[in-house]
Amino acid sequence: MPASSFTLLPSRLVGIEVVRADTARAFARHVHDQFGIGLIDRGAQKSASGRGMVEAGAGDLITVNPGEVHDGTPIGDHGRSWRMLYLDPERVFELAADVTGRAVSREVEFTRPTLKDTRLARRFEALFPAL
């Protein structure tokens with residue numbers, strides 16, 4: 001079983017935390033104050049989400065909304081590794097307003113806790129090192 005590793009990397013933008021993780025640890029139910037979007041790099045996990053139980057494997061994107069109760073358990077004995085971006089809600093609203101040219105609803109949320117989308121995964125791959 002691999003040793004646990006969590007690294008908070010320096011971020012180039014205010015309001016965005018950049019995290020790299022590699023662990024076989026299971027996480028109890030918890031919440032974050034930020035939006036989160038990440039990519040599973042190795043292994044797989046199952047987790048409770050605001051949409052029910054989900055599974056994500058290597059190449060899948062994972063998301064979480066502020067205050068959304070979730071957990072995470074590796075599938076298999078070798079753990080999993082992932083990269084995450086945690087975005088302060090105010091930063092998300094600011095960026096969305098910049099893109100759309102108008103104020104956005106504070107009711108925005110990720111509607112899918114996992115995404116199997118190679119195009120978006122490639123974009124995440126390019127964005128992560130830029131931040």
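Here is a short tour of two pockets, one helix and a few individual residues in this structure. Keep in mind as you look around that the model is predicted.

**The largest pocket**

Let's start with the largest pocket, which holds about 590 Å³ of space. Its lining is made of 22 residues, and the ones nearest the centre are Ile-37, Leu-87, Val-92, Phe-110 and Leu-127. By class, that lining counts 18 nonpolar residues, three charged ones and one polar one.

Where does the lining come from? Three strands, S4 (35–49), S6 (61–64) and S8 (80–87), and two helices, H1 (89–100) and H2 (118–130), each give at least two residues to it. Helix H1 makes the largest contribution, with five residues.

**The second largest pocket**

Next comes the second largest pocket, with a volume of about 390 Å³. Here 24 residues form the lining, and His-30, His-32, His-70, Trp-82 and Tyr-86 sit nearest the centre. The elements that supply two or more residues to this lining are the strands S2 (16–23), S3 (27–30), S4, S6, S7 (70–74) and S8. As for class, the second lining has 12 nonpolar, nine polar and three charged residues.

**Helix H1 up close**

Back to H1, the helix that gives five residues to the lining of the largest pocket. H1 is 12 residues long and spans 16 Å from its first C-alpha to its last, close to the 16 Å expected at 1.5 Å a residue. Right after H1 comes Gly-101, with a positive phi near 80°.

**Four residues to look up**

The table shows how accessible four residues are.

| Residue | Relative accessibility | Class |
|---|---|---|
| Gln-45 | 9% | buried |
| Leu-115 | 14% | buried |
| Asp-71 | 17% | buried |
| Leu-127 | 40% | partly exposed |

Gln-45 belongs to strand S4. With 9% relative accessibility, Gln-45 is classed as buried because the cut-off for that is under 20%. Which side chain does the side chain of Gln-45 pair with in a polar contact of 3.1 Å? The partner is Arg-80. Beyond its neighbours within four places in sequence, Gln-45 has contacts that include Ile-40, Val-54, Glu-55, Gly-72, Thr-73 and Arg-80.

Asp-71 is part of strand S7. The side chain of Asp-71 also has a backbone partner: it reaches the backbone nitrogen of Ala-48 at 2.6 Å. Setting aside residues up to four places away in sequence, Asp-71 touches Phe-27, Ala-28, Arg-29, His-30, Ser-47 and Ala-48. One of these, His-30, is also among the residues nearest the centre of the second largest pocket.

Leu-115 lies in strand S9, which covers residues 114–115. If you skip residues up to four places away in sequence, Leu-115 touches Asp-60, Leu-61 and Thr-63. Leu-115 and Val-19 are 96 residues apart along the chain, and 19 Å separates their C-alpha atoms.

Last up is Leu-127, found in helix H2. You have met this residue already, as one of those nearest the centre of the largest pocket. Is Leu-127 buried or partly exposed? At 40% relative accessibility, Leu-127 counts as partly exposed. Leu-127 and Gly-76 are 51 residues apart in sequence, with 29 Å between their C-alpha atoms.

How values were computed: Residues numbered from 1 in each chain as written. Predicted model: local features only at pLDDT ≥ 70, side-chain atom pairs only at ≥ 80, totals over all residues. Heavy atoms only, no water. 1 Å grid on protein atoms, 1.4 Å probe; cavity = no way out; pocket = protein on both sides within 12 Å on 5 of 7 lines; lining within 4 Å. Points joined across faces, edges and corners; volume = space filled by probe spheres on them. Helix = DSSP H or I, 4+ residues; strand = E, 2+ residues; numbered from the N terminus. Nonpolar A, V, L, I, M, F, W, Y, C, P; charged D, E, K, R; others polar. Expected span 1.5 Å × (residues − 1). Buried < 20%, exposed > 50% of the residue type's maximum accessible area, 1.4 Å probe, protein only. Polar contact = N/O pair within 3.5 Å; in protein donor to acceptor, adjacent residues only side chain to side chain. Contact = heavy atoms within 4.5 Å.
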